[in-house]
Amino acid sequence: GAGDAGSGEDVPQVLTYGISGEPQPIKAGLNQNSIGYLMDALLMQGLLRWNEEGEIETALAESYEQVNNSTYTFTLRPDLTFSDGTPLTAEDVKRTFEFLANPANAAYTVAGMSRIDTITTDGDSSLTVTLKENDPDFLSYVANPTAFIVKEDELSADATVTVGAGPFVIEDQTQGVGMELVPNENYYDPESVTLERIELEYYTDATARTNALLSGDVDMIDYPAAQDFERLESAPGIVLDAQPAPLIALTFNAAEGPFANPLVREAVAYAVDRDHVASAADAGQADPVYGPVLQEGSPFATERSQSLYSYDPEKAKELLAEAGYPDGFDATILTMSQYPYHQDTAIAVQDDLKKVGINLTLDSGDQPTWVQKATAGDYEVKTTGGAGLIPDPSYLESWYFANATYTSTNYENEELRQALIDGRTAETEEERVAAYERAFEIVAVDPPRVDLTQRYNGYAYKDTIQGFKNIPGFLSLFSQNAIPYLSVSG
Amino acid sequence: MGLLLLGLTLIFFVIRTVPGDPAALLASGGGSGDASPEAIAQIREQLGLDQPLWAQYFGYLAGVVRGDFGTSFQFGTDVTPIILERLPKTLELVLGATLIGVTVGIILGVIAARRGGVVSTIITAMGSFAISIPVYVLGTVLVFAIALQLRWLPAGGYVGWEDPADHLRILILPCITLAVPFAAIVATITRSGLVETAQQDWVRTARSWGMSPNSVYGRHVLRNSLTAVLTIVGLEIGLMFGSTILVEQVYSYPGLSQLMIRSVEQRDYPIVQGVAIMAAAFFILVNILVDVLYGVLDPRARRR
Amino acid sequence: MHMPEPLLEVRDLSVAFRAGKRTAEVVHDVSFHIDPGETLAVVGESGSGKSVSAMSIVDLLPDNARRTGTIRFAGEDLLAADAARMRQIRGAGIGVVFQEPMTALNPVYTIGGLLAQAIDSHGRRSKEEIKSRSLDLLQLVQMPDPERRLGQFPHQLSGGQRQRAMIAMAIANDPELVIADEATTALDVTAQAVILDLLLDVQERLGTAILLITHDMGVVADMANRVVVMNGGHVVEEAPVEDLFSSPREEYTRKLLAAVPHLGRSETVEQLPTTPIELRYRTQPQRVVEHPVLHIENLVVEFPGRFGQAPFRAVDGVSFDVDRGEVVGLVGESGSGKSTIGRVAIGLTKPALGTVEIDGIDVSTKHRRERKELRRRAAIIFQDPSSSLNPRATLADTISSPLRWNRVTRSRRELDRIVAELLDAVHLPKDAAHRYPHELSGGQRQRVGIARAMALEPDLLIADEPTSALDVSVQAAVLKLLLELQERRQFSCVFISHDLSVVEQLAQRVVVLKDGKIAEQGNTRQILHHPRDGYTRQLVAAIPVPDPAEQRARRQERQLLLASPVAPESSSLV
Amino acid sequence: MNRKLQRVRDAFRPIHLVALGFILLVVVLSLAAPVILPDPLAQDGANTFAPLGTPGHLLGTDGFGRDTLARLMAGVRTELAVALATTLLALVIGTTLGISGAYFGAVAETLTMRIIVDVLLAFPPIIFALLIVTIYGPGPATLTFTMGVLFAMNFARIAYGQTLTVRRAEYVDAARAYGAPTLTILVRTVLPNISAPLIVQASLTMAAAILLESGLSFLGLGLVPPAPSMGLMIADGQRYMASDPLGILIPSIAVVVIILAFSVLSDGLGRWLDPRRRNAHA
Ligand SMILES: Nc1ncnc2c1ncn2[C@@H]1O[C@H](COP(=O)(O)OP(=O)(O)OP(=O)(O)O)[C@@H](O)[C@H]1O
Ligand SMILES: Nc1ncnc2c1ncn2[C@@H]1O[C@H](COP(=O)(O)OP(=O)(O)OP(=O)(O)O)[C@@H](O)[C@H]1O
Ligand SMILES: [Mg+2]
Ligand SMILES: [Mg+2]
């Protein structure tokens, strides 16, 4: 049986992984997309990490304790070293966390890390982190792949991180082609690594990537295109594991113009047929979303929170009339041509909004142009994609009210802000649920953004690859944490 | 040389006119994360983008004179080795495609012109097909048929010269894909040149010597049409150098175009500039070669 | 003498050209034959179908031509022969010298390259063999400086030199029959004489037959055994050469012979009827000028040498004037720089040194107005008619273009009228206006060039061999036209020609060139009848006269002259 | 007048007329399309990727449920306009540059061929397109201008090469000697004699323009979606090639057939412009 890891057979433990782009040099704390996460998982290590069940497990930390919602203690494994043999101590952890907490360093986890008040080390292997305010989700930030521990001399915003404490090290790389990795001899848990070698090959084009898997050139690929799902599913010996993960949403420039009016934004939330968007932009490989996306089974994901809106053009028209636009209005939607799902979403939205009287014109350029315009607030409404940095609803704080530039929407609602903070900092779960419920009711009538669909993020691999599982939801991108620990069967 | 300087200057300023901030992109991990204004400012300073434009320009020029094309924003390493790594790969692709394209194109053009009638129409039809089929589609179809169904050749990727057989096998499909429209263009131009030249008096003269029809065709019709073909070949080689992007994408071939597109998307100015200069130098080289060959092929075309 | 089997027999040959759905038959039921070793001359009016008939034999007509009839060569039916067989016959069996050597030579090859290909067409030869054979052939056709010519391109040769190269290629494989279509038209008389001698010599040695198409009755008298006279696509008369000259049977033949200019009898041209032409559009006032119309002083023209070689001096210190109303004949050996002087005079070639002025204005003037004025007043007839006509313009366009460009008139009707008048004046049919150059015979093309030059009624005309391809009757008409106009308009003319009898008719003065320098100049009568310079004397002696008996006598005289030590510098003529 | 007609009749053979007829038919149909076909922009979420022959959607629908036939016809209309305008623009600019570069002295050559043409040719097209779009914003006019300038350089090189040869011809000398204004020489004497490869290039450019439009539109540098254009259809079709081959097949076939018609027509044009070929068989 293919499923059995044949212990008698001597299968070469080599994984060839076709990935969607070339990894960039690793920078401390920086979000570098899914390929960045992969490299973090392979070469780096944090105190904690997400496992394939979507739970937080220990990594460099041997154990941790959530003393209360604002105090956490970690104990490191004994005799930890970086791949070059340098010892890794609690001091390194402290230094790294402080670096991540500094907004000037653009760390991805800055939202959580900046809540750190003090870090005290106790010897080489334990430390205590005290937060300025309650954050029960702090561990999610610590488990984020970008929160890996960096050697002192490489811990600066302009340095490239070359040495980590991860399970693999780079043996060889050819620019534009691929790289080879071999197990890190100094890894703290060498037994967990079965693979003798990992070969990464870069396939920018999604179809080419799929073809490479189908032709047997590679064993596994990331991020297959939605329109290739069928082809992969029907291919013998190939497993496609796709789960709903990143969001596509409409965000508004709430500073001026019609979209400054909450009623108009609410109208939009009712006017867009999410199924239409899903089929148009992702060949149906996306789940419609009528409220903020929350991890399945989470206590905050109430029925109400998942259906704040519905597809109801009539209601949308009424809202528009109420807002003073009975005949609708003209506006421009900013999107990107480089990512077809952005543009196709915009086209679908354009069609839906036309039916309620809002005439959208597309402003579609490449991604840098989009970033520039988004940053400068040079748009009325735009398509935005992304995944929450942590699965818990506190991620919404930075989504709705980021002070950072380009998600800035000029949206302000003091009540909502407070409700979200309450949701995070309240002591008991009931209080938190209640606070978030309050927040969602505000979102229902004063939407900071309109989430449209949750797109499927997939991984496809030969059925000889053992040990991989795609975690649903935002954590899907962290599924690659499992890559170093896979094995190959006969 | 002056041309290169002009090209370099143009590209330097044009790329900076185009919207998009490399620092913002870098700070946000390619535009997917958030970045604080401080972070962006810090990166901008690191990249030297905070200096006035003219200072950047002269700094860059001074570097270029010393053979230093700067440091890539995205890779954080010197531009020169990055480009030199890819240059031979692209050259192989371009030369391979040229070889196939020119040979097949001229042969088809000659057949079309000599046989005329139905054959010519069929070749014209094939040519229209070849030039209008999107490279991407052609490439994908070839991959489906030859790599996935027949499994004769790999679907893409790259193998270095250390394994010459595999290296060549990898090259076949991308070269063919590039060569198909190229051959069609060469064939069309060849055919038109041939039918025009075949009417000239000197062709009759050569026939009157009792020269074999093939020689007459080769030496007095084809030879005289080659100038037009040469122009096209030169042009196409030059254009191909910068526009193999779709082929490189379909076959995941690590050529210069991929690098270029990626760098444009990242607003990685030093690489964009470097590749553009390289392409320009290559183009100018090809043009000089074409002009020299032109004079050789047709003495009347010599300037003096 | 018993009847030998004819080498070539043409019977009831008709040729028609198809244009769209229409066809036009231009050769009607032509029959003639050539015996081995015989020279058959085909004469007749320009456009009468001589070239077309000849090209039919070797199947070298454009592909919209249709041949019917029989053509037998050495007993073989050529109309039935397949392409491979025809190929063997061409070059080895029948060699062809084409009428217009400029367009007939591939411009991208050197003379050496072309010769090598011609030699190589029937069986491979080694490089050395080819080289030596090429040199032999060039020497055979009296090409000056043969070694250098091998590396030159056709456009770097003079008209006569090109023609010699053509002949060398045609005889490269010792064919049994040579079709010589106006083979000597562009040659000066001495060179022509040499070539004719050469052909006779080859004929004697190898028994080659010659189909000689010419308009020069002197050449006919010199060379031919029998003569075929064609008119309007028909054969009107066929006779042995003596009979034809002594007792022509047909009216047309008689007219033709009467029109032949004969050195020393320059009045003949006056007797011909011509169409009086009155170009009524001329408006500009006559200028009274004190300058000579054309003033050339110390002219030097150089062509760059190949790869660092010293430049070649084609014209070296030439000075002469042309006064108002004067016709100056410019004669001299092929390659002596005649055409070059003409091109310089009109401003097409830049001189290295010296002054060239028209009406006192330097031809290389920078002033736009002056340049325009010069263009308006000077015209040129190019030596090679086919390469000087835009292949994509109709004759009407070509002929009327000087009028349009100089803004004489832009009215369609006016232009049409003038074109019709000019066509008529040069004896071209009216419908020719809408044809293209390639649809014409060589002589017809030449007349287009003349008509174009006449259109502006220039003050100065550079006429470079304007009648070389014209049969005597048309030639006479054209000359008459020139004379008439010249008398009436008082224009000046540099008349470049190798045909001294024509020069005698037209020119008041003659300049004799040799190797880019002036050998002799002066009054026509004096130069042609009492030449002082040895070279001029040879030129005169080389003129064939249109009388077989007299020509035979002259031929002997000339041999003596060449053998005598009078002309040591012209050893190249032997 | 009559004679000109006669020449046209001689040059164009039945196959050329078929091509011309086809092009005219396409033009008429694409102009008539808005009247007879559904709105090409109307999306129908319930009816995406409908197969061929679906009632009401003869050629099926795309991922938005838009009628393929309607989009195709509207796309053809845009495309023909854009491609023709591009080709014309390129032809005029390029030929002008090329002829002047070859005909006039070394200064003109440096100015046109070296400085303008070579630099522009060597300039990365995508950056050029980005620049133009930055300045003027995307749309048909920008697209036409961008592509016209890019393709003009090809025409320039061809015209340059051919003119180098032709300018030496004696008939050009003749035109000069007879006082033809320089412009007239270039347009009436040189141009017709270098026209053959230019015409061929024009027909090639038509095809290249459609493909480039596809590429640029895909990058957001061409036509703005959802405007129906064949290029955008092709770009979209490429993405869904595996699951919906029709999506790419239909516009591709349309392009191939249209380009074929244009190349056949251009051959007829070549015959018409070359009196020597006019009556030739092939
Ligand atoms: N473009 C050129 N390059 C090099 N040499 C040339 C060029 N044109 C002419 N010549 C040379 O200049 C000399 C004079 O040529 P030109 O055409 O003036 O002679 P010509 O007197 O008109 O002779 P012909 O009677 O044969 O026409 C010849 O030896 C010729 O080879
Ligand atoms: N390709 C052609 N198409 C149509 N008509 C042609 C073509 N070639 C020649 N003709 C016509 O055929 C007739 C005979 O031409 P041909 O060349 O045989 O004349 P020719 O006797 O050689 O005259 P010339 O002494 O002027 O060379 C002429 O009236 C000419 O206009
Ligand atoms: Mg003739
Ligand atoms: Mg001459």
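According to UniProt, in an unreviewed entry, the feature "transmembrane region" is placed at residues 93–113, 125–148, 168–189, 228–251 and 271–297 of chain B; the positions are given in the numbering used here, feature names are shortened, and annotations may be inferred rather than shown by experiment. The model examined here is predicted, local features being reported at pLDDT of at least 70 and side-chain atom pairs at pLDDT 80 or more, whereas totals for chains, interfaces and linings use all residues. Residues are numbered from 1 along each chain as its sequence is written, chains are lettered from A and ligands numbered from 1 in the order in which they are written, and side-chain values use heavy atoms, with hydrogens and water left out.

Two of the annotated spans were examined for secondary structure, with helices (H or I, at least four residues) and strands (E, at least two) taken as DSSP runs numbered from the N terminus. Residues 125–148 of chain B are 92% helix and 0% strand, with 28 Å between the end C-alpha atoms. For residues 271–297 of chain B, the span is 100% helix and 0% strand, and the end C-alpha atoms lie 38 Å apart.

In chain C, ligand 1 is surrounded by 19 residues, a residue being counted if one of its heavy atoms lies within 4 Å of the molecule; the closest are C:Gly160, C:Ser334, C:Gly335, C:Ser339 and C:Thr340. Polar contacts (pairs of N or O atoms within 3.5 Å; within protein, one must be able to donate a hydrogen and the other to accept it, and residues adjacent in sequence count only if both atoms are side-chain atoms) to oxygen atoms of ligand 1 include a polar side-chain atom of C:Arg149 at 3.1 Å, one of C:Ser158 at 2.8 Å, and a backbone N or O atom of C:Ser336 at 3.2 Å. The protein buries 92% of the 640 Å² that ligand 1 exposes when taken alone, with areas computed by the Shrake-Rupley method with a 1.4 Å probe. Helix H7 (159–170), strand E12 (312–322) and helix H12 of chain C each give two or more residues to this shell.

The magnesium ion designated ligand 4 has as its protein donors C:Ser339 (OG) and C:Gln383 (OE1), at 1.8 to 2.1 Å; donors are N, O and S atoms within 2.8 Å of the metal (3.2 Å for Na, K and Ca), and sites may look incomplete because water is not among the atoms. The two donors are 44 residues apart, C:Ser339 lying in helix H12 (residues 338–346) and C:Gln383 in the loop between strand E16 (378–381) and helix H14 (395–405) of chain C. C:Ser339 is partly exposed, at 22% relative accessible area, whereas C:Gln383 is buried, at 18% (buried means under 20%, exposed over 50%, partly exposed in between; 1.4 Å probe, protein chains only).

Around ligand 2 there are 21 residues, of which C:Ser46, C:Gly47, C:Ser51, C:Ser441 and C:Gly443 come nearest. Oxygen atoms of ligand 2 lie 2.5 Å from a polar side-chain atom of C:Ser46, 3.0 Å from a polar backbone atom of C:Gly49, and 2.6 Å from a backbone N or O atom of C:Gly443. The protein covers 90% of the 640 Å² of accessible area that ligand 2 has on its own. Helix H1 (50–57) and helix H16 (442–455) of chain C each supply at least two shell residues.

The magnesium ion designated ligand 3 is coordinated by C:Ser51 (OG) and C:Gln99 (OE1), at 1.9 to 2.3 Å.
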